[in-house]
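Me: I am new to this structure. Please show it to me, and then I will ask how each label is earned.

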Amino acid sequence: STLVNDWLHNFEKNFEDNNSNNAISAKFEGIAVANNIPIPFSVYEAAKVCGLSGKCSIPLLRLLDYVDHAVTSHNRRATYVVASLENNVDAFSEDGIAWLKAARDTIQRLEQQGTLLRGVRVYVSGTAAVAVDAVDAVMSDFPLVICLTLSVVFLLMVLCFRSIMAPLRSVASIALTLGFSFGVTVWFFRPSAISWLVPIMAFSIIVGLALDYDVFLVSRIWEYRSSGMDHRSSIVYGLGMTGSIITA
């Protein structure tokens with residue numbers, strides 16, 4: 001309890017010092033703090049003794065003993081403290097996510113100091129934290145997925161059409177379409193107002209449609225060219241035969 005109490009005190013102090021522009025405050029509840037009021041270790045000990053007696057008549061001590069059983073592991077090596085954002089701030093909002101990242105930065109600074117948190121690991125979790133971590137993990141791998149997808153598209157088209165220029169043109173057109181779509185989206189909307197699913201879904205749809213129609217077009221052109229037509233005629237007939245399908 002003393003360790004948790006000291007950590008919370010240092011956390012709040014460092015958080016306020018390093019995030020003076022952040023107006024969001026939080027209310028902490030746990031075995032060492034209630035409504036942001038520190039609980040002395042002597043009170044915690046009294047609550048445990050009162051709980052062991054089986055006839056604890058003091059409501060506050062009985063409540064603290066119950067909270068301890070609820071939030072502390074059976075081996076007494078782990079516990080958690082609930083942080084509730086005040087002023088009706090939604091944990092999933094921009095302000096809530098900003099508080100989460102600021103809190104984690106503060107914890108990291110305290111861990112780097114190597115004094116109070118020596119041998120102790122502190123994690124900030126919860127529904128909002130898990131959602132933020134999932135989005136960060138997806139978006140960090142998104143550029144790699146784009147590169148791998150375009151590379152696979154290029155290799156498959158090289159094998160199918162036995163050409164280098166046609167696959168290069170297809171990959172370039174897909175990349176330009178993606179860049180244009182993402183650029184226009186950011187131009188019209190604030191990046192923070194765009195759901196993280198938008199670029200993921202847009203990438204899948206654009207690559208699927210562009211590659212599908214591109215294969216239709218190149219296949220027809222290649223067939224007419226293989227039948228003996230010159231370059232210009234095969235392109236004209238290929239565009240004419242696939243125009244209704246692609247336009248539709």
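Me: Are Lys48 and Asp65 buried or exposed?

Reply: Both Lys48 and Asp65 are buried. Buried means under 20% relative accessible area, exposed means over 50%, and partly exposed lies in between (1.4 Å probe, protein chains only). Accessible areas come from the Shrake-Rupley method with a 1.4 Å probe, and for residues only the protein chains shown count as cover. A word on the source: this is a predicted model, where local features need pLDDT of at least 70, side-chain atom pairs count only at pLDDT 80 or more, and totals for chains, interfaces and linings use all residues. Residues are numbered from 1 along each chain as its sequence is written, and side-chain values use heavy atoms, with hydrogens and water left out.

Me: What makes Lys48 and Asp65 a salt bridge?

Reply: The rule asks for a side-chain nitrogen of Lys or Arg within 4 Å of a carboxyl oxygen of Asp or Glu. The closest N and O atoms of Lys48 and Asp65 are 3.0 Å apart, so the pair qualifies. The bridge links distant parts of the chain. Lys48 is in helix α2 (residues 41-53) and Asp65 is in helix α3 (residues 59-71), 17 residues apart. Helices are DSSP runs (H or I, at least four residues), numbered from the N terminus.

Me: How many salt bridges does this rule give?

Reply: The count comes to five. One of them joins Asp133 and Arg104, with the closest N and O atoms 2.7 Å apart. Asp133 sits in helix α5 and Arg104 in helix α4 (residues 94-113), 29 residues apart.

Me: Why is Asp133 called partly exposed?

Reply: Its relative accessible area is 35%. That value falls between the 20% and 50% limits, so Asp133 is partly exposed. Arg104, at 27%, also counts as partly exposed.

Me: Which salt bridge links helix α6 with helix α7?

Reply: Arg169 and Asp214 meet in a salt bridge, 2.7 Å from N to O. Arg169 belongs to helix α6 (residues 165-188) and Asp214 to helix α7, 45 residues apart. Arg169 is partly exposed at 38%. Asp214 has 11%, which is under 20%, so Asp214 counts as buried.

Me: Why is the pair of Phe142 and Phe203 called edge-to-face?

Reply: Two aromatic pairs turn up in the whole structure. Rings of Phe, Tyr and Trp (its six-membered ring) pair if their centres lie within 6.5 Å; planes under 30 degrees apart count as stacked, over 60 as edge-to-face and the rest as tilted. The ring centres of Phe142 and Phe203 are 5.7 Å apart and their planes stand at 90°, so the pair is edge-to-face. Phe142 lies in helix α5 and Phe203 in helix α7, so the pair ties together parts 61 residues apart in sequence. Phe142 is buried at 9%, and Phe203 is buried at 6%.

Me: What makes the pair of Trp187 and Phe188 tilted?

Reply: The angle between their planes is 50°, neither under 30 nor over 60 degrees, so the pair is tilted. The centres are 5.3 Å apart. Both Trp187 and Phe188 are exposed.

Me: How many disulfides does the structure hold?

Reply: Zero. A disulfide needs a pair of cysteine sulfur atoms within 2.5 Å. Cys160 is exposed, since its relative accessible area is 54%.

Key:
Helices (H or I, at least four residues) and strands (E, at least two) are DSSP runs, numbered from the N terminus.
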